Amino acid sequence: MTTQARTNGGGQAAFPADELRTRLRGPVLLPGEPGYDEARSVWNAMIDKRPAAIARCLGVADVTACVRFAAERDLPLSIKGGGHNIAGLAVCDGGLTLDMSLMRGVRVDPRARTAWAQAGCLLGDVDRETQLHGLAAVLGFVSNTGTAGLTLGGGFGYMTRRFGWTSDTVRSMEVVTAEGKIVRASADENPDLFWGLCGGGGNFGVVTAFEYELQPVGPEIAGGVIAWRGEDAPAVLDMFRDLMADAPPELNAAAVLRKAPPAPWLPPDVHGQPVIALAVLHSGPAEEGLRAVEAIKKFGAPAGDVLQKRPYVTQQAILDATQPKGRRYYWKSEYLPEVTADAAGAALEHWAKIPSPHGAVIFFPVDGGPAKLPEDHSAAGNRDADTVLNITASWDAASDDAKNVEWARAAWRDMRRFSTGGSYINFQTEDEGADRTRAAYGANWDRLVEIKSKWDPKNVFRVNKNVTPG
Ligand SMILES: Cc1cc2nc3c(=O)[nH]c(=O)nc-3n(C[C@H](O)[C@H](O)[C@H](O)COP(=O)(O)OP(=O)(O)OC[C@H]3O[C@@H](n4cnc5c(N)ncnc54)[C@H](O)[C@@H]3O)c2cc1C
């Protein structure tokens, strides 16, 4: 019997759910069924998509069955890792969403200093297992982000200055191709596919597991957050620019201009007031790290300071509360060749106009690590970037959409003049189209099209920042 499922168009269309169910070990959720709404929800509440069905995969066989099922019917197929993509690319209207969140296994090989992580892992899952051995993968700043989407887009975090993009530290991937075949991708096996997957997003297949190289880091490091009152922001930004110009690769600090959240480590009179904060990590031995951050701690009169010796895993989760699932978000981002005095000045101007308590202008340094490799090492490219600028509008009520989106757009229109011309594919919003995708890849674009044409000529994997086959 065929189960009826509502499509995006609002009408009734036959969705052969029973047939899909017979092919899978994991559950298939249809509109109206328990768990469907939770499974279709993503981090950004601006996204409200209704897949015809959501398959909660339990293993590679389920993934393979889903890819074949969607390809046979030319159904839109979206892949949900951590669901953190700002553009909502984890879900699709009227198609099949492949939910990887039940596949969160991690296996660490401490001798080889590698870890295999299944594609439903969040960053914190990998940190938790690797830190048992005093090892860490090069991951991002917020622990409940999905490893899959982050890694496939290139990926950066505190340790990028030292070790490169996250995708530079991937040794191999297990992939289900558009034909439903299982292949290994690495520098030696299917190297063209590997090149595309390292930065080219979900365009070439469903990755079911990643093999990460691990670095000896922690379990204790020097890290944390330190914040100054708004009036100190120009001086702190100058200090930040000087600091990062000379910082050893082990040290990284993201500068965040926003209003203070009601965090217990900040005095109540600062809550809701403009502040500048540095989120800092030194990935070397903790004592060396404490010496390296001494100058930051002594600068001016911080309003709050929890920059100290701490477990690495707490550092990785320290910003989580500022980015909760279910808020409304709209981002604009560019790679910068440096944070000039003019760029810092412009950031201060736009910070003063943030219309909500949660929005921010953020500078993430990424210089050094990626630049050790040539631009065409992998699809991720953008190795000339010094800093990621992220203009993050973030607010609660739908009635405030227009003013927050317009703030981010206006700030971006102004600050684009400082860009390298490249931008981070994983920070692009829903309304950034094909021209922005192409520009993000620069000179690597033509090779991406070649690889797409070989591995996914029918564009089975099109719910993403799409590389259209030639
Ligand atoms: C709060 C927050 C903090 C962030 N911090 C950082 C950061 O520090 N560094 C950084 O680099 N990025 C960061 N990002 C951006 C992040 O890398 C992207 O949002 C990324 O898409 C998240 O991955 P995900 O698995 O959660 O994505 P999802 O939304 O689940 O998926 C996004 C895209 O990835 C593809 N995809 C997912 N899983 C697979 C798979 N198994 N196989 C093939 N394709 C797949 C999907 O097709 C989809 O197009 C952050 C995002 C948020 C919301």
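Is L237 buried or exposed? At a relative accessibility of 1%, L237 counts as buried, because the cut-off for that class is under 20%. This is a predicted model, and L237 makes a good starting point for a walk through it.

## Helix α8 and its partner

L237 sits in helix α8. Setting aside residues within four places in sequence, L237 is in contact with A255, L257, I276, A344, L348 and F363. Two of these names, A344 and L348, come back in helix α11, where they belong to the set that meets α8. L237 can also be placed relative to A341: the two are 104 residues apart in sequence, while their C-alpha atoms are 8.9 Å apart in space.

How do the two helices lie against each other? Two packed helices are described by the angle between their axes and the distance between the axes. For α8 (residues 233–246) and α11 (residues 341–351), the axes come within 11 Å and cross at roughly 145 degrees. The crossing of α8 past α11 is right-handed. On the α8 side, the residues taking part are A233, P234, L237 and R241; on the α11 side, they are A341, A344, L348 and W351. By class, this contact has seven nonpolar residues, no polar ones and one charged one.

The spacing along each helix is worth a look while the structure is open. An α-helix has 3.6 residues a turn, so residues three or four places apart point the same way. With that in mind, you can follow P234, L237 and R241 along α8, and then A341, A344, L348 and W351 along α11.

## Buried positions elsewhere

Helix α4 (residues 123–130) has its own set of buried residues: L123, D125, V126, D127 and T130. What do they pack against? Their surroundings are made up of strands β7 (106–109), β8 (114–118) and β9 (135–136), together with helices α5 (147–152) and α10 (312–316).

I221 belongs to strand β14 and is buried, with a relative accessible area of 0%. Beyond its neighbours up to four places away in sequence, I221 touches L281, H282, G284, A286, Q308, K309, R310, Y312 and Q315. I221 and T314 are 93 residues apart in sequence, with their C-alpha atoms 9.9 Å apart in space.

S378 offers a case from a loop, the one between β20 (360–365) and β21 (387–395). With a relative accessible area of 2%, S378 is buried. Its contacts, leaving aside neighbours within four places in sequence, are S167, D168, W195, C198, R383 and N444.

## Spaces in the model

How many cavities of 30 Å³ or more are there? The count comes to one. The largest cavity holds about 70 Å³ of space. Of the 13 residues lining the largest cavity, those closest to its centre are G153, Y335, A380, N382 and Y424.

The second largest pocket holds about 350 Å³. Its lining has 21 residues, and E38, K80, G82, S101 and K325 are the closest to its centre. The table sets out the classes of residue in the two linings.

| Space | Nonpolar residues | Polar residues | Charged residues |
|---|---|---|---|
| Largest cavity | seven | six | none |
| Second largest pocket | five | ten | six |

## Backbone details

Most residues other than glycine have a negative phi, and most peptide bonds are trans. A few positions in this model are worth checking against that background.

R113 has a phi near 55 degrees, a positive value in a residue other than glycine. R113 lies in the loop between β7 and β8 and is partly exposed, with a relative accessible area of 42%.

N459 also has a positive phi, near 55 degrees, and is likewise not a glycine. N459 is placed in the segment after α14 (445–455). At 11% relative accessibility, N459 counts as buried.

Which peptide bond is cis? The bond from G218 to P219 is cis, with omega near 0 degrees. P219 is found in the loop between β13 (215–216) and β14 (220–229), and β14 is the strand that holds I221.

Key: Residues numbered from 1 in each chain as written. Predicted model: local features only at pLDDT ≥ 70, side-chain atom pairs only at ≥ 80, totals over all residues. Heavy atoms only, no water. Axes fitted to C-alpha atoms, helices over the stretch in contact; angles between N-to-C directions. Helix = DSSP H or I, 4+ residues; strand = E, 2+ residues; numbered from the N terminus. Left-handed = near helix turned anticlockwise from the far one by under 90°. Contact = heavy atoms within 4.5 Å. Nonpolar A, V, L, I, M, F, W, Y, C, P; charged D, E, K, R; others polar. Buried < 20%, exposed > 50% of the residue type's maximum accessible area, 1.4 Å probe, protein only. 1 Å grid on protein atoms, 1.4 Å probe; cavity = no way out; pocket = protein on both sides within 12 Å on 5 of 7 lines; lining within 4 Å. Points joined across faces, edges and corners; volume = space filled by probe spheres on them.
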